[in-house]
Amino acid sequence: MSTIKETLLRAMEAYFKGDTRRIDHAHKVTGYAEELLAQEGGDYPIVIGAAVLHDIGIHQAEKKYGSTSGHYQEREGPPIARRILRKLGFAEQQTEEICQIIAHHHSPGKINTPNFRILYDADWLVNLRDEYDIRDSSKLSSIIDKVFLTQSGKALAHDIYLSESSQSGS
Ligand SMILES: [Fe+2]
C-alpha cells in the first residue's frame, strides 16, 4: 500500500510527464517540507499535498502566458491541484486549504498558518541558490533571516548554505 506522499508524487510525475526539472524540484521541496514538519508541527497531508503540487500550474502558465512568473503559477495551479486532490480522495476542506497555499506560495503574508510557512520555507530552501549569490556569506546570512518564515527553516538554510561543508566544493 502506498503512502499519501507516494500517491501524490506519482500523480505529480504523471502530470508533469517527462519534465524532470519540475519533478526533481517538487521532490526536493517535499523532502524539506517533511524535515520542517517534524520540527514545526503542521498538518502532514496539507503540507505534503501543497509541497508536491505547489508548482503544478507552471506548464499552464507557460502555455497561456509564456511565463513561469509566480503570480501566473499561483493562478493556474489551484484548479489543476483541485482535480488531482479530489481524484485521490482528499476531503474538500483539505483540498481547499492546499489550493489556498498554492494560490499564495509566492506571496507571503496573505496566509499565515504554520502549514503555509512550512511550504514557503521548503520552497526557499531549494530556490535560494537560484535567486541569490550564495557565495557571499555575510549578505546571505541576513537574506536568510529576512526570507524564511520559520525558525527551523532559517536554521536549516544556515546549515545548508552557510556551514563549512557547503562552502567547500562549490
Ligand atoms: Fe517551487
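Student: Which residues does Glu74 touch, not counting residues up to four places away in sequence?
Tutor: This is a predicted model. Glu74 sits in helix H5, residues 70-87. Leaving out residues up to four places away in sequence, Glu74 touches Ile102, Ala103, His104, His105, His106 and Ser107.

Student: Which backbone nitrogen does the side chain of Glu74 reach?
Tutor: His105 is among the residues that Glu74 touches. The Glu74 side chain comes to 3.4 Å from a backbone nitrogen. That nitrogen belongs to His105.

Student: What is the nearest side chain of opposite charge to Glu74, and how far away is it?
Tutor: Glu74 is buried, yet has no salt bridge. A salt bridge needs a side-chain nitrogen of Lys or Arg within 4 Å of a carboxyl oxygen. The nearest side chain of opposite charge is Lys110, at 5.8 Å.

Student: Which residues coordinate the iron ion?
Tutor: The coordination distances run from 2.1 to 2.4 Å. Along the chain, the donors follow the spacing H-x28-H-D-x67-D. The two histidines bind through NE2 and the two aspartates through OD. The residues are His25, His54, Asp55 and Asp123.

Student: Why is the arrangement around the iron ion irregular?
Tutor: Look at the angles between the four donor atoms. Tetrahedral would need all angles between 85 and 135 degrees. The arrangement is irregular because the angles run from 84 to 172°.

Student: How many residues apart in sequence are the parts that His25 and His54 tie together?
Tutor: His25 lies in helix H2, residues 20-40. His54 lies in the loop between helix H3 (44-53) and helix H4 (58-65). So the pair ties together parts of the chain whose separation in sequence is 29 residues.

Student: Are His25 and His54 buried or exposed?
Tutor: Both histidines coordinate the iron ion through NE2. Their state is shared: both His25 and His54 are buried.

Student: Which residues are linked with Asp19 in a network of salt bridges?
Tutor: Start with the pair Asp19 and Arg22. Their closest N and O atoms are 3.5 Å apart, and they form a salt bridge. Both residues are buried. The network links Asp19 with Arg22 and Glu62.

Student: What separates Arg10 and Glu13 in helix H1?
Tutor: Arg10 and Glu13 form a salt bridge, with closest N and O atoms 3.0 Å apart. Arg10 is partly exposed, at 44% relative accessibility. The two residues are three apart in helix H1 (residues 4-16), so the separation is about one helical turn.

Student: How far apart are the closest N and O atoms of Glu92 and Arg86?
Tutor: Glu92 is partly exposed, with a relative accessible area of 41%. Arg86 is also partly exposed, at 46%. The two form a salt bridge, and the closest N and O atoms lie at 2.8 Å.

Student: How far apart in space are Glu96 and Ala81, C-alpha to C-alpha?
Tutor: Glu96 is found in helix H6 and is partly exposed at 30% relative accessibility. Arg82 and Arg86 are touched by Glu96, not counting residues up to four places away in sequence. Glu96 and Ala81 are 15 residues apart in sequence, and their C-alpha distance is 9.6 Å.

Student: Is Thr95 buried or exposed?
Tutor: Thr95 lies in helix H6, residues 92-103. Thr95 touches Arg82, Leu85 and Phe90, not counting residues up to four places away in sequence. The relative accessibility of Thr95 is 0%, so Thr95 counts as buried.

How values were computed. Residues numbered from 1 in each chain as written. Predicted model: local features only at pLDDT ≥ 70, side-chain atom pairs only at ≥ 80, totals over all residues. Heavy atoms only, no water. Donors = N, O, S within 2.8 Å, 3.2 Å for Na, K, Ca; no water. Tetrahedral: all angles 85-135°; square planar, octahedral: opposite > 155°, others 65-115°. Helix = DSSP H or I, 4+ residues; strand = E, 2+ residues; numbered from the N terminus. Buried < 20%, exposed > 50% of the residue type's maximum accessible area, 1.4 Å probe, protein only. Lys, Arg positive; Asp, Glu negative; His and termini not counted. Polar contact = N/O pair within 3.5 Å; in protein donor to acceptor, adjacent residues only side chain to side chain. Contact = heavy atoms within 4.5 Å.
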